[in-house]
Amino acid sequence: MKSAPQHLRTLSFTIGLGERLDWDAPVDSGSVPKDGSSFDAIVVGGGPGGSAAASFLAMNGAKVLLLEKAIYPRDKTCGDAVGGKSLKHVEELGIKGILEETPHFRVDGIVFGAPNGKEVRIALPEEEVEQREAGYSLPRRQFDTILFRNANDRVLEAGGAVIQGFSVKHVHIENDCVTGVSGTHDKKEFHFTAPLTIGAGGYTCPVAKAVTGHHDEPMVDKDHYCGAYREYWTGVEGCEDWKGAIEIHFIDGVIPGYFWIFPVGNGVVNVGVGMVLTEMDKQKTKLRALQEWVINEDPKFSKRFANAKMVEKSGKGFQLPFGSPRKKVPSFQPRRSAMAGAICVGDAASLVDPFTGEGIGNALLSAKLAVDLVYEKYSEGFTSEGAEEYQHKLWGELSAELTNSYKLQRLVKRKWLMNFFIGKAVKKEELQRALTDMIASKEAQGQFHSKWWMVKTLLF
Ligand SMILES: Cc1cc2nc3c(=O)[nH]c(=O)nc-3n(C[C@H](O)[C@H](O)[C@H](O)COP(=O)(O)OP(=O)(O)OC[C@H]3O[C@@H](n4cnc5c(N)ncnc54)[C@H](O)[C@@H]3O)c2cc1C
């Protein structure tokens with residue numbers, strides 16, 4: 001098993017709490033079930049969506065099989081920001097206290113940078129952070145391991161099984177209904193069956209491929225998929241503490257994408273850049289080179305990175321499937337994510353926020369929604385009617401915020417508008433307050449699309 005870069009591993013020990021709670025220890029999943037075994041539910045993927053789904057199912061008494069390709073603890077390419085929405089579900093899973101005992105960076109504000117270099121820092125006063133749960137940032141290796149360990153223990157306790165190092169290769173469909181999966185573990189082939197399969201394998205999830213394929217609908221829409229590249233750095237000026245702001249910069253040369261600097265504590269910083277795939281194709285952008293250019297050539301950032309060092313081998317690219325509404329949607333928004341016998345959650349259902357790039361919250365929320373629906377109405381079998389109901393519930397819950405975020409994503413494409421907007425925000429408290437609301441509450445984003453509110457706030 002690969003170990004974490006030293007800087008990330010020491011995070012669990014430097015403040016002494018890690019010794020009490022060694023989140024970085026391997027997760028013991030016990031014995032591998034026999035080929036051909038049957039379960040109440042199979043969960044493909046043990047990221048936040050899969051770990052939450054498996055936990056919620058086990059909490060309902062189901063005999064679950066949780067299959068994860070990697071071996072925990074494992075890294076996941078991410079910005080590492082865990083917002084208030086995620087924390088709410090982490091609490092439901094009973095592990096918020098455990099998470100808080102491990103080292104984490106407390107986010108008390110957000111810095112937005114305009115293409116002309118101006119910056120506005122939207123502060124979240126301490127009592128607001130407490131009240132609204134603005135969030136944390138911490139390495140996904142740490143966050144995901146805590147979630148996975150919880151799922152592992154709950155699933156085993158309820159009589160199910162967990163296999164790490166298991167790659168699902170095929171999803172079995174009989175009479176238009178998913179009946180199970182097969183794949184490999186330790187070079188051996190296994191086939192498992194269940195009346196319900198939850199697809200939580202991220203943006204390349206085999207269950208999502210089977211579901212979209214079954215409905216003859218495209219899985220990838222490049223207008224709504226984002227490429228992103230991340231590195232860990234130490235010694236970045238202004239990122240030394242355990243509490244502070246995360247930073248989002250709209251830089252000339254990076255727009256319509258953005259450059260982020262998210263401290264994760266202990267002087268370690270998650271630094272990355274992201275852009276929608278169609279824009280990357282148009283501009284022939286290579287994200288690693290773009291990030292190198294920002295760090296070395298941009299006058300503001302080259303200064304802040306002058307004495308910084310990249311954590312070795314921490315540079316990784318990945319994709320984000322956005323939940324933005326499609327213009328020509330073949331059936332359901334944002335795309336098909338369920339069929340008889342199968343439900344997709346998280347990135348497998350394409351639910352990442354198209355403005356902020358946050359996807360953990362929606363992965364947890366969709367897992368909860370899926371399991372609740374199954375237990376409310378479909379415990380005797382997940383039918384195609386159930387699949388339609390899931391789509392309606394999911395979009396009913398998320399359409400307002402995802403549509404608002406999509407509009408914001410399109411607004412920030414305009415350089416002059418960002419300069420103007422951030423220039424105003426530096427001076428206007430009302431705008432700063434609205435931005436605070438937007439960070440803490442997705443619903444408040446709606447205000448940004450009231451034309452009258454915009455005109456009034458920006459001009460007067
Ligand atoms: C660069 C970048 C920055 C981001 N920044 C943020 C951020 O700051 N905050 C935020 O909230 N979100 C962020 N996101 C989005 C976030 O990472 C995802 O939305 C989130 O991880 C989705 O969780 P998930 O469980 O659905 O999928 P994943 O986290 O991708 O988990 C999927 C799991 O399935 C496993 N798997 C895959 N295929 C198989 C298979 N065939 N068989 C078995 N197992 C399989 C994988 O190993 C993995 O463990 C970012 C994403 C990227 C790429």
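## A guided set of close-up views

Of the 460 residues of the protein, 51% count as buried. The model shown here is predicted, and its secondary structure comes to 17 helices and 19 strands. Looking at contacts between residues at least 6 apart in sequence, 75% join residues at least 24 apart. The views below visit some of these places one by one.

**View 1. Six strands form an open sheet.** Following the sheet across, the strands come in the order 7-2-1-11-19-18, and the pairing is mixed. Strand 7 (161–164) and strand 18 (338–339) stand at the edges; each has a single partner strand, so one side of each is left without a neighbour in the sheet. Now look at strand 1 (residues 41–44) and strand 11 (residues 196–199): these two run parallel and are joined by 4 bridges. A good pair to find is Val43 and its bridge partner in strand 11, Ile198. As a reminder, strands of a sheet pair through backbone hydrogen bonds, either parallel or antiparallel.

**View 2. Strand 12 pairs with strands 15, 16 and 17.** With strand 15 (residues 268–276), strand 12 pairs in the antiparallel sense over 9 bridges. Strand 17 (residues 316–321) also pairs with strand 12 in the antiparallel sense, over 6 bridges. Strand 16 (residues 309–310) is another antiparallel partner, with 2 bridges to strand 12. Tyr229 is a handy landmark: Val273 stands opposite Tyr229 in strand 15, and Gly317 stands opposite Tyr229 in strand 17. For strand 16, look for Met310, the bridge partner of Trp233. Why is strand 12 described as largely enclosed by the rest of the structure? Of its 10 residues, 8 are buried, and therefore strand 12 is largely enclosed.

**View 3. Lys222 lies in a loop that leads to strand 12.** The loop runs between helix 9 (206–214) and strand 12 (225–234). Is Lys222 buried, exposed or partly exposed? Lys222 has 14 other C-beta atoms within 10 Å, so this residue is partly exposed; 20 or more would have made it buried, and 12 or fewer exposed. Leaving aside residues up to four places away in sequence, Lys222 touches Leu277, Thr278 and Asp281. Met280 is also worth finding: Lys222 and Met280 are 58 residues apart in sequence, while their C-alpha atoms are 9.7 Å apart in space.

**View 4. Three strands form an open antiparallel sheet, in the order 8-9-10.** Strand 8 (166–174) and strand 10 (188–193) stand at the edges, each with a single partner strand, so one side of each is left without a neighbour in the sheet. From one strand to the next, the twist averages 25 degrees. Helix 9 packs on this sheet, where it touches strand 8 and strand 9. The direction of helix 9 makes about 25 degrees with that of strand 8. Between strand 9 (residues 177–185) and strand 10, which run antiparallel, there are 6 bridges. One bridge to pick out links Thr184 with Glu189 in strand 10.

**View 5. Helix 4 packs with helix 8.** Helix 4 (residues 48–59) and helix 8 (residues 140–157) have axes 8 Å apart and pack at an angle of about 25 degrees. The two helices are therefore roughly parallel to each other, and their crossing is left-handed. On the helix 4 side, the residues of this contact include Ser51, Ala54, Ser55 and Ala58. Their counterparts in helix 8 include Leu147, Phe148, Asn150 and Ala151. Sorted by class, the contact of helix 4 with helix 8 has 9 nonpolar, 3 polar and 2 charged residues.

**View 6. Helix 4 also meets helix 13.** The axes of helix 4 and helix 13 (residues 360–377) come within 8 Å and cross at roughly 30 degrees. That makes helix 4 roughly parallel to helix 13. Here the crossing is right-handed, whereas the crossing of helix 4 and helix 8 is left-handed. Among the residues that helix 4 brings to this contact are Gly49, Ala53, Phe56 and Leu57. Helix 13 contributes residues including Ile360, Leu364, Lys368 and Val371. By class, the contact of helix 4 with helix 13 has 11 nonpolar, 2 polar and 1 charged residues. Pro48 and Ala52 of helix 4 take part in the contact with helix 8 and also in the one with helix 13.

Methods: Residues are numbered from 1 along each chain as its sequence is written. This is a predicted model: local features need pLDDT of at least 70, side-chain atom pairs count only at pLDDT 80 or more; totals for chains, interfaces and linings use all residues. Two residues are in contact if their C-beta atoms, placed from the backbone, lie within 7 Å. Two strands pair if DSSP finds at least two bridges between them. Axes are lines fitted to C-alpha atoms, for helices over the stretch in contact, and angles run from 0 to 180 degrees between N-to-C directions. Angles under 35 degrees count as roughly parallel, over 145 as roughly antiparallel, 65 to 115 as roughly perpendicular and the rest as oblique. A crossing is left-handed if the near helix is turned anticlockwise from the far one by less than a right angle, and right-handed if clockwise. Ala, Val, Leu, Ile, Met, Phe, Trp, Tyr, Cys and Pro count as nonpolar, Asp, Glu, Lys and Arg as charged, and the others, Gly among them, as polar.
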